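The following paragraphs lead the reader through one protein model, beginning with a single residue and its surroundings. Please have the sequence and the structure in view while reading.

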Amino acid sequence: MDKDFRKCPITGFKIHLPAETLIKINGVTAIVALLIGGIMALLVALTRWETIHLLAPLDYYMFLTLHGWNMLGFWIIFFEVAILYFAGAVMLNNRLAAPKFGWLAYVLMLAGALITNITVLTNPAKNAIMFTSYVPLQAAPLYYLGVILFAVGALVAVLLFLATLYIAK
């Protein structure tokens, strides 16, 4: 077996080591985004409970925006990318077409997620627009840069998956 592969002792699948690393890092990042989104959801729920009413109105929308992006965007897409890499490389007993593009996709997605979260946290009055990143663009340009970086990273990951399918045929 090639030095870039290992054999799974349980399934017998040939696992491409660079793909395994990308699967793990995307999966862990997805879980972190899920955790952040869950914490934001708890804070939002405690605010909606009239007895507690935890957050001020501006903070409520800031945490609601963070909850939306982390639960509906970042968690799902990072996890889907991990599944794509698993399906393309492990399930097909194939190598990942270009692991460097996998790392490029991950860095773009992570940078986009961090920029979006930090931008919402640092200027909630301008950037707590919930999940509405469409015209008219009312948030700061840095917020949209984060969204675009994340989307481009996800697109690179999907193209890498398609390239992996192509070489697996």
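Leaving aside residues up to four places away in sequence, N26 touches F78, V81, A82, Y85 and Y106. The residue N26 itself is placed in helix α1, which covers residues 17-48. Its relative accessible area is 1%, and N26 therefore counts as buried, since the limit for that class is under 20%. These statements, like those that follow, concern a predicted model.

From this residue one may turn to the chain as a whole. The protein chain contains five helices and two strands. Read from the N terminus, its elements follow the order β-β-α-α-α-α-α. Along the principal axes, the C-alpha atoms occupy a box of roughly 60 × 35 × 20 Å. The chain has 169 residues, and 39% of them count as buried. Among contacts with a separation of 6 or more, 70% are made by residues that stand 24 or more positions apart.

The surface may be considered next. The accessible surface of the protein chain amounts to about 9,400 Å², and carbon and sulfur atoms account for 74% of that area. Where is a nonpolar patch formed on this surface, and by which residues? The patch consists of F86, M91, L92, L155, V158, L159, L162 and L165, which together have about 690 Å² of accessible area. Helix α5, residues 141-168, makes the largest contribution to this nonpolar patch, with five residues. L92, another member of the patch, is found in the loop between α2 (57-90) and α3 (99-122). With a relative accessible area of 43%, L92 is partly exposed. Patch members must have over 30% relative accessible area, so the value of 43% for L92 meets that condition.

The charged residues form a further topic. The protein chain carries 10 positive and 6 negative charges, and the mean positions of the two groups are 12 Å apart. Side chains of opposite charge can pair when their charged atoms come close. How many salt bridges does the structure hold? There are three salt bridges in the structure.

One of these salt bridges joins the side chains of D4 and K3, at 3.7 Å from N to O. D4 is partly exposed, with 31% relative accessibility, whereas K3 is exposed, at 71%.

Another salt bridge brings together the side chains of R6 and E20, with an N to O distance of 2.8 Å. This pair links distant parts of the chain, for R6 belongs to strand β1 (residues 5-7) and E20 to helix α1, 14 residues apart. R6 has a relative accessible area of 30% and is partly exposed. E20, at 15% relative accessibility, counts as buried.

E20 also meets K24 in a salt bridge between their side chains, at 3.6 Å from N to O. Both K24 and E20 lie in helix α1, and their four-residue spacing is about one turn of the helix. K24 is exposed, with a relative accessible area of 52%. R6, E20 and K24 are thus linked in a network of salt bridges. Within this network, E20 is buried, R6 is partly exposed and K24 is exposed.

Helix α1 has thus appeared in two settings: it holds the buried residue N26, and it also holds K24 and E20, which meet in a salt bridge.

Note on methods
Residues are numbered from 1 along each chain as its sequence is written. This is a predicted model: local features need pLDDT of at least 70, side-chain atom pairs count only at pLDDT 80 or more; totals for chains, interfaces and linings use all residues. Side-chain values use heavy atoms; hydrogens and water are left out. Buried means under 20% relative accessible area, exposed over 50%, partly exposed in between (1.4 Å probe, protein chains only). Contact means heavy atoms within 4.5 Å. Accessible areas come from the Shrake-Rupley method with a 1.4 Å probe; for residues, only the protein chains shown count as cover. Lys and Arg count as positive and Asp and Glu as negative; His and the chain ends are not counted. The place of a charge is taken as NZ of Lys, CZ of Arg, CG of Asp or CD of Glu. Patches are made of residues with over 30% relative accessible area and no salt bridge: like charges are joined within 9 Å, nonpolar side chains (Val, Leu, Ile, Met, Phe, Trp, Tyr) within 5 Å. A salt bridge is a side-chain nitrogen of Lys or Arg within 4 Å of a carboxyl oxygen of Asp or Glu.
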